[in-house]
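Subject: Structure for you to look at

Hello,

Here is the structure I promised. Please open it and keep it beside this email as you read.

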Amino acid sequence: MSTRTETDSLGTIEIEADRLWGPQTERARRLFQIGSERFPPLLIRAVGLQKQAAAEANKALGELPADLADPIIAAAREIAANGRDADFPLPVWQTGSGTQTNMNANEVIANRANQTLGQPLGSRKPVHPNDHVNRGQSSNDSFPTVMHVAAAEAVTTRLIPALETLHASLSRRASEWADIVKLGRTHLMDAVPVTLGQEFAAWALQVEHGIARVKGVLPRLLALPQGGTAAGTGLNTHAGFATTFAERMAALTGLPFTANPNPFEGMGAHDAFVELQGAMNVLAVSLNKIANDVRLLGSGPRAGFSELVIPADGLSSSIMPGKTNPTQSEALTMVCAQVMGNTTTVTVAGAQGHLELNVFKPVIIQAVLQSATLLADASESFAHNMVDKLEPNRARIADNLARSLMLVTALNPRIGYDKAVQIGKKALAENLTLRDAAAQLGHVSPEDFDRWVRPEDMTRRGATLDGSG
């Protein structure tokens, strides 16, 4: 392996010759050999955007001359386009301020800028990683800004659109199946009738509420702490840097970023991420219910509920020929379990804001981005590969409904609860229909039973007692 020798304040170090990172990154790469987790491309993109916006702001404010700012901007743009992901080798498990990843970016951009200016890698001139690329910045405000940008993009470009796809699929099914009357179940036991459309409409509303909760966090995510530098005071930063930076970031991303009026809050605490993860935790709870309900209603095909026909996805048992399993429900509920676990991680990490700095930043953003990405991917997969392909088993639905003893509930206002109980118990014990049991007990004539016990009327709020709907 060909190497080059670089020198920093700690001495000399060998770096692979063609790598754009410098001595600080190389030292960190050797020091933090912990786990296999690396930051996802979405975060590396945000790193590039942060450095590009910073250089553009410094150029506009006269803090960097154009001959230095322009190559920095060009190099940062390559990172934002995910063209330099291989030059970010560091693990999530590093200094809690994200300092190593910030310095990694400074070194890569400086080397790439100098390379385009005809200088060798490691020259640190004319573009210096600290003096120019990191001008008016600190890891302490830059990395949390990267966190905000990455999370905001993950929410707006992936999570919300994916949830809207799932919501549309569930809503479409709710409309299509609005008139399919079926057996309702409470406590997993037979209950009064509902429609299949009502079940799907409830799930759609859960997702709709989840979208609203995630959107509700956005104002806090869009407030950037950039400009606070080391501790929140803005030391060594131009007075107009924070505002100009936010304007440039908004222009680069199309999102309405603003400068946090109190960068101390955005550096010492990460409540916005705890809030976002909390909203995603609610989503995980909602999606877990939806996936499990579909799994239950599709159980069978002969010994289960079998009211929904699960799509055959081409996968089967390794020993039981032709067996169809609810694979999409299983994948989605595993994602939900991971998101719930991530919520514990983010909660604990968010509580580690000591004085002016929270030093659990890398694990917070890793968990948040993983949650958002998994929920987005799984929601789209469940919509396309499960909800859109489900079919109602109309014969089984009708049979279950016809045999339900809880239809007797419609008689309560007519004959009273106690007589209705007698009818239900007799029907169960003697394997009779409710109609026959009611007639044998003399409580309800067959003609009245047919008028009063109408499952389709029992699904509608405000149905009249005379059975006319």
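Below are notes on a pocket, two cavities, a helix and one of its residues.

This is a predicted model: local features need pLDDT of at least 70, side-chain atom pairs count only at pLDDT 80 or more, and totals for chains, interfaces and linings use all residues. Residues are numbered from 1 along each chain as its sequence is written, and side-chain values use heavy atoms, without hydrogens or water.

**The largest pocket**

The search uses a 1 Å grid over the protein atoms alone. A pocket is an open set of points with protein on both sides within 12 Å along at least five of seven lines. A cavity is a set of points where a 1.4 Å probe fits but cannot get out. Lining residues have an atom within 4 Å of a point. Points are joined across faces, edges and corners, and volume is the space filled by probe spheres set on them.

The largest pocket holds about 320 Å³. Its lining has 17 residues, and Ala402, Arg403, Leu432, Thr433 and Leu434 lie nearest its centre. Helix 13 (394–402), helix 15 (417–430), helix 16 (434–441) and helix 17 (446–452) each give two or more residues to that lining. Helices here are DSSP runs (H or I, at least four residues), numbered from the N terminus.

**The cavities**

There are 4 cavities of 30 Å³ or more. The largest cavity has about 60 Å³ of space. Helix 4 (residues 99–116) gives the largest share of its lining, 4 residues. Among the lining residues are Glu6, Asn111 and Arg124. The second largest cavity has about 40 Å³. Its lining includes Ile310, Asp313 and Met386.

**Helix 2 and Asn58**

Helix 2 (residues 41–60) has 20 residues, which should span 28 Å at 1.5 Å a residue (1.5 Å times one less than the number of residues). Its end C-alpha atoms are 28 Å apart, so the two agree. Of its 20 residues, 15 are buried (under 20% relative accessible area, 1.4 Å probe, protein chains only), so helix 2 is largely enclosed by the rest of the structure. Just after helix 2, Gly62 has a positive phi of about 80 degrees.

Is Asn58, in helix 2, buried or exposed (over 50%)? Asn58 is buried, because its relative accessibility is 2%. A polar atom of its side chain lies 3.1 Å from the backbone oxygen of Arg135. Leaving aside neighbours within four places in sequence, Asn58 is in contact (heavy atoms within 4.5 Å) with Glu63, Leu64, Arg135, Gln137 and Phe241.

Best wishes

Key
A polar contact is a pair of N or O atoms within 3.5 Å; within protein, one must be able to donate a hydrogen and the other to accept it, and residues adjacent in sequence count only if both atoms are side-chain atoms.
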